[in-house]
Amino acid sequence: MLLSRMIRDLKYEIICGETSIDVADITNDSRKAGEGILYFAVPGAKFDGSNFIPEVIRKGAVAIVTEKEEDQLADILEAEMALNGEFEELDSNKVCILKVDNVRYAMGVMSSEFYGNPSDELTVIGITGTKGKTTTSYMIREMLELSGLRTGIVGTIEIDDGKDCYDAKNTTPESIVLHETFRRMVDNGLDCVVMEVSSQGLKLDRVAGVAFDYGIFTNLSPDHIGPDEHADFEEYKECKKKLFSMCETAIYNLDDPATEYMMEGSTANPITFGKSEYSDYIAVGHKLYKEDGLLGIEFDVDGTLEGRIRVDLPGDFSIYNSLAAIVLADCMGVGFEEIQRILECIKVRGRVEMIPISDKFTLMIDYAHNGMALQSLLGAIREYNPKRIVTLFGCGGDRSKARRYEMGEVSGKYSDFSIVTSDNPRTEDPQAIIDDILSKLKPTGGKYIDIIDRKEAIRYAIMNAQEGDVIILAGKGHEDYQEINGVKHHMDERDLIREILEEEDVGKICGYNNRYF
């Protein structure tokens, strides 16, 4: 593709070369540079991509996009010349160097153009917020698929392009990967894509060039604040808000205090949901139910639609997730009876995922991996008046210790019994991580046991379950691995549960009824 076409919607300065050159491929990884490649010199937290410009020129790149001024580039090339005796003068007939204000933004816009603006050919639904993105995205995908619209997904758990499904490296991929994925989706015959839009994805312009048809706001609370994330809550909020200047229709949770802020300056068509009588789609009342080891909730919808909703997911947050999905599905023409039917049977891997192995107690897997998420989940479960809440969890190694302290304190206060185990220890000693957790759990006076081996911890939970218990395996959620000293070992909690239940004594004790496996 001609470089001149790729940059037609950008402001830029030509440092050298001509834009009437053909680009064979694009990359922001200097290791992938070669003949005919355009290289984006992205400044990163650890490495500045501009330092690799001499290398990509040597490899035959035809174009480079950078934020560096001409004199700064000259310094980089002079340093390379001093080391290797090359680059005395750039051959402007072979390489075009463009200076832009924001390489990441330019990368998104140019990637979209390079792949033929594929998001224009899809109905693109973006979901942002602190909690609920994953659950809501799967609810929407199921509704659209079952209504006959082939729908891909991009999110925390996976990327599904309509042909292949693979694990996601980031909730929101880099823009080159994202637009290339959209192109595959179009080529694979998909109609729609539902994607989680993270605050980091918005901050780093990973969604630049994406034509969003719908943007959904779930809720907002402090998260992802710290080194290499967001400087403070204000920056976090501002990043989330960007989505609603990029979409045609904005769907907001009117009950969340941040919604007014999210609406400011947006030119999108607004639609609201919530319990507030001023919402377009209103949730009225709710009834909790507990059946066959499953926890669920029922509520009425009023306003734009009217009828009863039943979903096998617990907690107030399930009302909001369901409402967001209902609004989108209604906007997309899915019939209300179909919406009701789909919500009644929907399951989301690793998000309050019920594992119905016994009528005596409830067993679930959830991704809650920080204090805020765990407290919200435990509060929702407490409404069902379980005999006990048993929480099994650990914390990741090589991460802030604050999360360990929060998880320990929350579980100690709000669980009836805690089983502290290993999560992803990475390069840390698992027992040291557990000791950090216990340092805040013990002062709460909460009952606990610590068992390093996660499978043994799950076996203990099942073997010691009491009738009416709710057992929560927290922290791993959709993950199917355990990372130890840089190596990811397969470990899926569903497999561990199945293996434990295949032991004759366990099956008899817990009244295993084989409804799940």
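Val 301 is in contact with Ile 282, Glu 306, Gly 307, Ile 309, Leu 323 and Ile 326, leaving aside its neighbours within four places in sequence. Contact means heavy atoms within 4.5 Å. This is a predicted model: local features need pLDDT of at least 70, side-chain atom pairs count only at pLDDT 80 or more, and totals for chains, interfaces and linings use all residues. Residues are numbered from 1 along each chain as its sequence is written, and side-chain values use heavy atoms, with hydrogens and water left out.

Val 301 sits in strand S15 (residues 294-303). Helices (H or I, at least four residues) and strands (E, at least two) are DSSP runs, numbered from the N terminus. Val 301 counts as buried because its relative accessibility is 4%. Buried means under 20% relative accessible area, exposed over 50%, and partly exposed in between (1.4 Å probe, protein chains only). Phe 273 is 28 residues from Val 301 along the chain, and their C-alpha atoms are separated by 9.9 Å.

Next, the nonpolar cores. A nonpolar core is a set of buried Ala, Val, Leu, Ile, Met, Phe, Trp, Tyr and Cys residues joined through side-chain atoms within 4.5 Å. The largest one has 63 residues. Ile 140, Met 364 and Ile 472 have the most contacts inside it. Helix H10 (residues 316-331) gives the most to this core, with nine residues. Apart from this core lies another, of 30 residues. Val 124, Val 193, Phe 212 and Tyr 252 are among them.

Take Ile 472 from the largest core. Not counting residues up to four places away in sequence, Ile 472 touches Met 364, Leu 377, Leu 378, Ile 381, Ile 389, Val 390, Thr 391 and Leu 392.

Leu 378 also takes part in a helix pair. Helix H12 (residues 371-382) and helix H13 (residues 401-414) pack at an angle of about 15 degrees, with their axes 9 Å apart. Axes are lines fitted to C-alpha atoms, for helices over the stretch in contact, and angles run from 0 to 180 degrees between N-to-C directions. H12 and H13 are therefore roughly parallel to each other. Angles under 35 degrees count as roughly parallel, over 145 as roughly antiparallel, 65 to 115 as roughly perpendicular and the rest as oblique. From H12, the contact uses Gly 371, Leu 374, Gln 375, Leu 378 and Arg 382; from H13, Glu 406, Met 407, Val 410, Ser 411 and Tyr 414. By class, this contact of H12 with H13 has five nonpolar, three polar and two charged residues. Ala, Val, Leu, Ile, Met, Phe, Trp, Tyr, Cys and Pro count as nonpolar, Asp, Glu, Lys and Arg as charged, and the others, Gly among them, as polar.

A second pair is H4 (residues 103-114) with H6 (residues 175-187). Their axes come within 8 Å and cross at roughly 15 degrees. H4 and H6 are therefore roughly parallel to each other. Arg 104, Met 107, Gly 108, Ser 111 and Ser 112 of H4 meet Ser 175, Ile 176 and His 179 of H6. That contact of H4 with H6 has two nonpolar, five polar and one charged residues.

Asn 28 reaches both of these helices' contact residues, touching Met 107 and Ile 176. Its other partners are Tyr 39, Phe 40, Val 42 and Glu 174, not counting residues up to four places away in sequence. Asn 28 lies in the loop between strand S2 (25-27) and strand S3 (37-40). Its relative accessible area is 30%, so Asn 28 is partly exposed.

Asn 170 lies in the loop between strand S9 (165-167) and H6. At 36% relative accessibility, Asn 170 counts as partly exposed. Leaving aside neighbours within four places in sequence, Asn 170 is in contact with Gly 155 and Arg 206.

Another pair crosses at an angle of roughly 55 degrees: helix H15 (residues 454-463) and helix H16 (residues 493-501), whose axes come within 10 Å. H15 and H16 are therefore oblique to each other. Arg 454, Lys 455, Ile 458, Arg 459 and Ile 462 in H15 meet Glu 493, Leu 496, Ile 497, Glu 499, Ile 500 and Leu 501 in H16. By class, the contact of H15 with H16 has six nonpolar, no polar and five charged residues.

Last comes helix H8 (residues 233-241). Its buried residues are Tyr 236, Lys 237, Cys 239, Lys 240 and Lys 241. Their cover includes strand S6 (123-128), helix H5 (133-146), helix H7 (199-203) and helix H9 (259-263).
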